[in-house]
Amino acid sequence: KMYFLYTIIASLVSFFILKWLKKRRYCTDLKRLDGKTVLVTGGNSGIGKETAVALAMRGARVIIACRDVEKAEKAVREIKFKSRSLNVCHMELDLANLKSVREFCKNFLQREKRLNILINNAGGMPSVLDWTDDGFSMCFGVNHLGHFLLTNLLLPRLKECAPSRVIPLTCSNYKYQKLDFRDLNYNLLPFFTYCRSKLANIYFSQELARITEGKGVTSYAVHPG
């Protein structure tokens, strides 16, 4: 009888702890990712860096892609220290330059035989009024166009490694704008450009999910706020 009582008490305590953790927004999924390769754009800081730490802790091979080599090397050291994993590295990628995106994908496909998770995390800030090397508005070019090309060039490898996943990071601000397909290069007000880029992320994620249905690749647009 006492054993039965202890079992009930332990179950109730576990239930309320898990409920509290979820309410506090702690991740309670402990699934291992050993043998999986994850690519995180902009994984040298912020949410991207914390994501890289969490995935490395679960055993994944984590590659962070960013433009600044010095910051990337520092971030890799910190991610390795926090995650207690040595399976973390970086590759140079400038999403504001489509030539750089193509070169990155060429190098990645030659070097890496697996890609199980692609996290399109890097993004331009809504306060930036600038242009990419290819003449696109900076925010839209980095947040959407660079990731659009990156994902499509890496899609064959994602299919080869199915089941695999693409996770574009978007933002709830998408609802403040609509896409004007006659003027995708709109760059008058940086905040509106940012909103449009985040809406484009969602459209792309939905279309990617549609065309890869049944092929082992899933796509989920995520608002991390």
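How far is the sulfur of Cys161 from the closest cysteine sulfur, and which residue holds that closest sulfur? It's 14 Å away, in Cys105, and that's too far for a bond.

## Ground rules

This is a predicted model, so local features need pLDDT of at least 70 and side-chain atom pairs count only at pLDDT 80 or more, while totals for chains, interfaces and linings use all residues. Residues are numbered from 1 along each chain as its sequence is written, and side-chain values use heavy atoms, with hydrogens and water left out.

## Cysteines

A disulfide here is a pair of cysteine sulfur atoms within 2.5 Å, and by that rule the count is zero. Cys66 doesn't make the cut either: its closest cysteine sulfur sits 11 Å off, in Cys89, too far for a bond.

Both cysteines are tucked away. Cys161 counts as buried at 5% relative accessibility, and Cys66 is buried at 5% as well. (Buried means under 20% relative accessible area, exposed over 50%, and partly exposed in between, with a 1.4 Å probe and protein chains only.)

## Overall layout

The protein chain has six helices and six strands. These are DSSP runs numbered from the N terminus: H or I over at least four residues for helices, E over at least two for strands. Reading from the N terminus, the elements go α-β-α-β-α-β-α-β-α-β-α-β.

Along the principal axes, the C-alpha atoms fill a box of roughly 75 × 40 × 40 Å. Of the 225 residues, 44% are buried. Take the contacts (heavy atoms within 4.5 Å) between residues at least 6 apart in sequence, and 71% of them join residues at least 24 apart.

## The sheet

Two strands pair if DSSP finds at least two bridges between them. On that basis the six strands form an open sheet in the order 3-2-1-4-5-6, with parallel pairing. Strand 3 and strand 6 (217-219) are the edges; each has a single partner strand, so one side of each has no neighbour in the sheet. Direction ignored, neighbouring strands are turned by 15 degrees against each other on average.

Strand 2 (residues 61-66) runs parallel to strand 3 (residues 88-92), with five bridges between them, and Ile64 stands opposite His90 of strand 3. To get from strand 2 to strand 3 the chain goes through helix 3 (residues 69-83), and this β-α-β crossover is right-handed, meaning the path from the first strand over the helix to the second runs clockwise with the strands pointing away from the viewer.

## Helices on the sheet

Angles run from 0 to 180 degrees between N-to-C directions, using lines fitted to C-alpha atoms, for helices over the stretch in contact. Strand 1 (residues 37-41) and strand 4 (residues 117-120) run parallel, joined by three bridges, and Val40 has Ile119 as its bridge partner in strand 4. Helix 3 packs on the sheet against strand 2 and strand 3, making about 165 degrees with the direction of strand 3. Helix 4 also packs there, touching strand 1, strand 2 and strand 3, at about 145 degrees to strand 3.

## Nonpolar cores

A nonpolar core is a set of buried Ala, Val, Leu, Ile, Met, Phe, Trp, Tyr and Cys residues joined through side-chain atoms within 4.5 Å. The largest has 26 residues, and Leu39, Phe104, Phe108 and Leu150 have the most contacts inside it. Strand 2, strand 3, helix 4 (98-111), helix 5 (138-160) and helix 6 (190-211) each chip in at least two residues. Helix 5 gives this core its largest share, seven residues. Apart from that core lies another, of 18 residues, including Val38, Val53, Ile119 and Leu169.

Beyond its neighbours within four places in sequence, Phe104 is in contact with Leu39, Ala65, Met91, Glu92, Leu93 and Leu150. Also in helix 4 is Leu98, which is partly exposed at 23%. With the same neighbours-within-four exclusion, Leu98 is in contact with Asp134, Phe136, Leu145, Gly146 and Leu149.

## Backbone oddities

Most residues other than glycine have a negative phi, and most peptide bonds are trans. Arg84 has a positive phi, near 60 degrees; it's found in the loop between helix 3 and strand 3 and is exposed at 65%. The peptide bond from Ala162 to Pro163 is cis, with omega near 5 degrees, and Pro163 is in the loop between helix 5 and strand 5 (164-168).
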